[in-house]
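Me: I have a model open and would like to learn how to read its features one at a time. Could you walk me through it?

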Amino acid sequence: MMQILSVIIGLVCAVLLIPGLIPLLGWLQWAVLAGCVVGIIFGSFCQRKIGLTINIAVAVVAALRLFLGGGFV
């Protein structure tokens, strides 16, 4: 059950990541990062690590976008 929840959270965060890459929507990346942290927590308790992998990949892209944009832009 936690595996499915982690994958769903990761996919929702990945969908929200795409519009957040547009300039002036950097605030959306903070929500994506928060969701990914929840997904990482759920995914770390499962044997199969697909949800954990999805959430880590999305979190890395969101963090890189925030780093390049100065945290807001």
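## Reading helices, crossings and surface residues

Reply: Happy to! Let's begin with one residue: Val37 sits in helix α2, which covers residues 27–43. Keep in mind as we go that this is a predicted model.

Me: Is Val37 buried or exposed, or something between the two?

Reply: The general idea is to compare relative accessible area with two cut-offs: under 20% is buried, over 50% is exposed, and values in between are partly exposed. Val37 has 47% relative accessibility, so Val37 counts as partly exposed.

Me: Which residues form a nonpolar patch with Val37 on the surface?

Reply: The partners of Val37 in that patch are Met2, Ile41 and Phe45. Together the four residues have about 390 Å² of accessible area.

Me: Now the helices. How should I describe a pair of them?

Reply: Two packed helices are described by the angle between their axes and the distance between the axes. Take α2 and helix α3, the latter made of residues 50–69. Their axes come within 9 Å and cross at roughly 155°. Angles over 145 degrees count as roughly antiparallel, and α2 and α3 are therefore roughly antiparallel to each other. The crossing of this pair, α2 with α3, is left-handed.

Me: At what angle do the axes of α1 and α2 cross?

Reply: For α1 and α2 the angle is roughly 165°, and the axes come within 9 Å. That makes α1 roughly antiparallel to α2. As for handedness, α1 passes α2 in a left-handed crossing.

Me: And are α1 and α3 roughly parallel or roughly antiparallel?

Reply: Look at the angle again: the axes of α1 and α3 cross at roughly 25° and come within 8 Å. That makes α1 roughly parallel to α3, since angles under 35 degrees count that way. The crossing of α1 and α3 is left-handed.

Me: What is the phi of Leu24?

Reply: Phi of Leu24 is near 75°, a positive value in a residue other than glycine. To place Leu24, look in the loop between α1 (2–20) and α2. With a relative accessible area of 66%, Leu24 is exposed.

Me: Could we try the accessibility reading on α1 as well?

Reply: Sure, with two residues. Ile4 is found in helix α1, and its relative accessibility of 52% means that Ile4 counts as exposed. Ile8 also lies in helix α1, but Ile8 is partly exposed, at 45% relative accessible area.

Me: How far apart in space are Ile4 and Cys36?

Reply: Here you set separation along the chain beside separation in space. Ile4 and Cys36 are 32 residues apart in sequence and 14 Å apart from C-alpha to C-alpha. For Ile8 and Leu64, 56 residues apart along the chain, the C-alpha atoms are separated by 22 Å.

Me: Where is Val61, and how does it read?

Reply: Val61 belongs to helix α3. Its relative accessibility is 38%, so Val61 counts as partly exposed. Between the C-alpha atoms of Val61 and Leu33 there are 9.5 Å, with 28 residues separating the two along the chain.

Me: So how would you sum up the helix pairs?

Reply: In short, α2 is roughly antiparallel to α3, α1 is roughly antiparallel to α2, and α1 is roughly parallel to α3.

How values were computed: Residues are numbered from 1 along each chain as its sequence is written. This is a predicted model: local features need pLDDT of at least 70, side-chain atom pairs count only at pLDDT 80 or more; totals for chains, interfaces and linings use all residues. Side-chain values use heavy atoms; hydrogens and water are left out. Patches are made of residues with over 30% relative accessible area and no salt bridge: like charges are joined within 9 Å, nonpolar side chains (Val, Leu, Ile, Met, Phe, Trp, Tyr) within 5 Å. Accessible areas come from the Shrake-Rupley method with a 1.4 Å probe; for residues, only the protein chains shown count as cover. A salt bridge is a side-chain nitrogen of Lys or Arg within 4 Å of a carboxyl oxygen of Asp or Glu. Helices (H or I, at least four residues) and strands (E, at least two) are DSSP runs, numbered from the N terminus. Buried means under 20% relative accessible area, exposed over 50%, partly exposed in between (1.4 Å probe, protein chains only). Axes are lines fitted to C-alpha atoms, for helices over the stretch in contact, and angles run from 0 to 180 degrees between N-to-C directions. Angles under 35 degrees count as roughly parallel, over 145 as roughly antiparallel, 65 to 115 as roughly perpendicular and the rest as oblique. A crossing is left-handed if the near helix is turned anticlockwise from the far one by less than a right angle, and right-handed if clockwise.
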